Amino acid sequence: MGFSLSDADPQPGLILSADATLLHSNRAAEALQVANRLLSPVDLLPTNTQALVKATMAQVRAIENVEARINNTILMWTFIPSPDSGEVLARGRDATDDVRTHDEAIRSNRLYRLITENTTDLISRHAPDGRFIDATPASWRLLGYSPEELRGKPLEDIFHSDNTARQLMESHVSLRDDGYATMTLDITHVDGSKRWFEIASRAIRETYTGAVVEVVSVSRDITARVESEESRRKLADELARTARLAALGELASSIAHEMNQPLATIVNFASASQRYLKSAETNPEHFERVSDGLKKTIHHANRASEVIKRLRAFLRKGQKRTATVALNQTLANVARLCQWEADKNYVDIVCAPDACGPSIIADPVLLEQVLINLIRNGIEANEEARGILMSNSGSSLVLSTSVNEAGETLIEVTDEGPGLDDQGIRQMFQPFYTSKPHGLGLGLSMSRSIVEGFGGFLDAKPASTGGLTLTCRFPPTSVKLSTINSETSTDE
């Protein structure tokens, strides 16, 4: 007795002869044929149908789950033999969704294995109490334990340090309340080395009760980062210490630099007074010169002391003594103080004060010291140019005050020296930069700092004389009329 087909069956069915010729087909098979634009329902069968029919008849057993793909449809066929009638029933099943789900699961599993077996971070599963359930192969490199060795071990046995218990407790609370937790722990590797780990964990909850049933963690070795940050911190501390020492050295050098001129003047007056004193018995009028020399020695010694006090207060950003400074009078004072050094180097100091009598608010002692520095710098530049020219003739140094169209007050010192190129002008105000064989490179740097402390700026530019013009520029906000005589002062 042969097979019969039902048109009520939703799955395709075909009856084949022993040589795989189509004898009958049901309505589901014919509908599938039409939907896929096939010539015959036989085209729904696998390509090796003849061999399958022959095998099922010879073995007298059913052959199941033979795949056939028609366009976007995947059919699974079962071939059932009937030896008595010499027929074979081919019954199909639409397995498109099942096969694709299975394929996707295989791909996902392959991707998961690829990630877990090759990631540099440790991915681990834990019971709610922290015991290891499983771990990726990275555990061997990071912890010194294989995944098999970790299973069942408590976290405390692997991550043990002084604060591990506290951090694990805080992490447990965060996982229970928030569902996630992060912490940084230090461990001792099996090889004895100390390592730091950053661990991020997330709780897996039971669907209905919400209880934590498992924890998934990702642990990253941050030892290199921690050691790098520690190295940077040590380097920063060392740089700060070096900077403090450099500042202290610059302060000491600056004070020594500023004291050089008044001390040299004191020595000169003391030496002259000593010479006059030796001849005073035969020349009584020399006693008056000795008295005058001693007065000037005392004056310059007091001035040196005052400069030290003001300079120290300025450098430590402390309180300063400020007053309205009449610039024309200040210019005349510093020209007189520098006259002896100018005469010695055949330099004629020429004062060109502005008729409007400009004034600014500044520390008068420090401002005078700045101008003395600029004048001494100009005298040395003139002397350098005279040496280059092999000339015995004198030179000039022009001191001037003015107010420009922008309302800025200017003090300018113009020399007849050899001048500097653009790079030299940019470098001349840098601390410790100097072109002089015995210079410290601090005078102009300190002078600029002092002028900036008054709200102004010190710069240089080439002069028509071939030398340089050093300009102290004070904005209108720093300028006061010379009629203002009020003084604001605070003690250092």
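Which residue in β9 stands opposite Ala181? In this predicted model, the residue that stands opposite Ala181 is Ser201 in β9. The two strands concerned, β8 (residues 180–188) and β9, run antiparallel and are joined by 9 bridges. They form a hairpin with 5 residues between them, and Gly192 in the turn has a positive phi of about 95°. Strand β9 (194–205) is also joined to β10, again by 9 bridges and in the antiparallel sense. Within this second pairing, Glu198 has Arg220 in β10 as its bridge partner. A hairpin is formed here too, with 6 residues between β9 and β10; the turn contains Gly210, whose phi is positive at about 80°.

The protein chain as a whole holds 14 helices and 19 strands. Of its 492 residues, 39% are buried. The accessible surface amounts to about 28,000 Å², and carbon and sulfur atoms account for 53% of that area. When contacts between residues at least 6 apart in sequence are considered, 57% of them join residues at least 24 apart.

Further along the chain, 5 strands make up an open sheet with mixed pairing, in the order β12-β14-β15-β17-β16. Strands β12 (347–352) and β16 (457–462) each have a single partner strand, so one side of each lacks a neighbour in the sheet. On average, neighbouring strands of this sheet are turned by 15° against each other, direction ignored. The pairing of β12 with β14 (residues 395–403) is parallel and extends over 6 bridges; in it, Ile349 stands opposite Leu397 of β14. Helix α10 (residues 327–337) lies across β12, β14 and β15 (409–414), and runs at about 160° to β14. Helix α14 (residues 443–453) also packs on the sheet, where it touches β16 and β17 (468–474). The direction of α14 makes about 130° with that of β16.

The second largest pocket has a volume of about 390 Å³. Its lining consists of 24 residues, and those nearest the pocket centre are Pro128, Gly130, Leu155, Leu168 and His172. Two or more lining residues come from each of β6 (122–126), α6 (155–158), α7 (164–177), β9 and β10. The paired strands β9 and β10 described above are thus represented in this lining. The greatest contribution is that of α7, with 7 residues. Helix α7 also includes Ala165, which counts as exposed at 57% relative accessibility. The C-alpha atom of Ala165 is separated by 9.6 Å from that of Leu155, a residue 10 positions away along the chain.

Two backbone positions remain to be described. Most residues other than glycine have a negative phi. Asn71, in contrast, has a positive phi near 55°. This residue is found in the loop between β3 (63–70) and β4 (73–82), and is exposed, with a relative accessible area of 61%. Tyr346 likewise has a positive phi, near 60°. Its position is in the loop between α11 (339–344) and β12, the latter being one of the edge strands of the open sheet.

Note on methods
Residues numbered from 1 in each chain as written. Predicted model: local features only at pLDDT ≥ 70, side-chain atom pairs only at ≥ 80, totals over all residues. Heavy atoms only, no water. Helix = DSSP H or I, 4+ residues; strand = E, 2+ residues; numbered from the N terminus. Buried < 20%, exposed > 50% of the residue type's maximum accessible area, 1.4 Å probe, protein only. Contact = heavy atoms within 4.5 Å. Areas by Shrake-Rupley, 256 points an atom, 1.4 Å probe, with all protein chains shown as cover. Pairing = 2+ DSSP bridges. Axes fitted to C-alpha atoms, helices over the stretch in contact; angles between N-to-C directions. 1 Å grid on protein atoms, 1.4 Å probe; cavity = no way out; pocket = protein on both sides within 12 Å on 5 of 7 lines; lining within 4 Å. Points joined across faces, edges and corners; volume = space filled by probe spheres on them.
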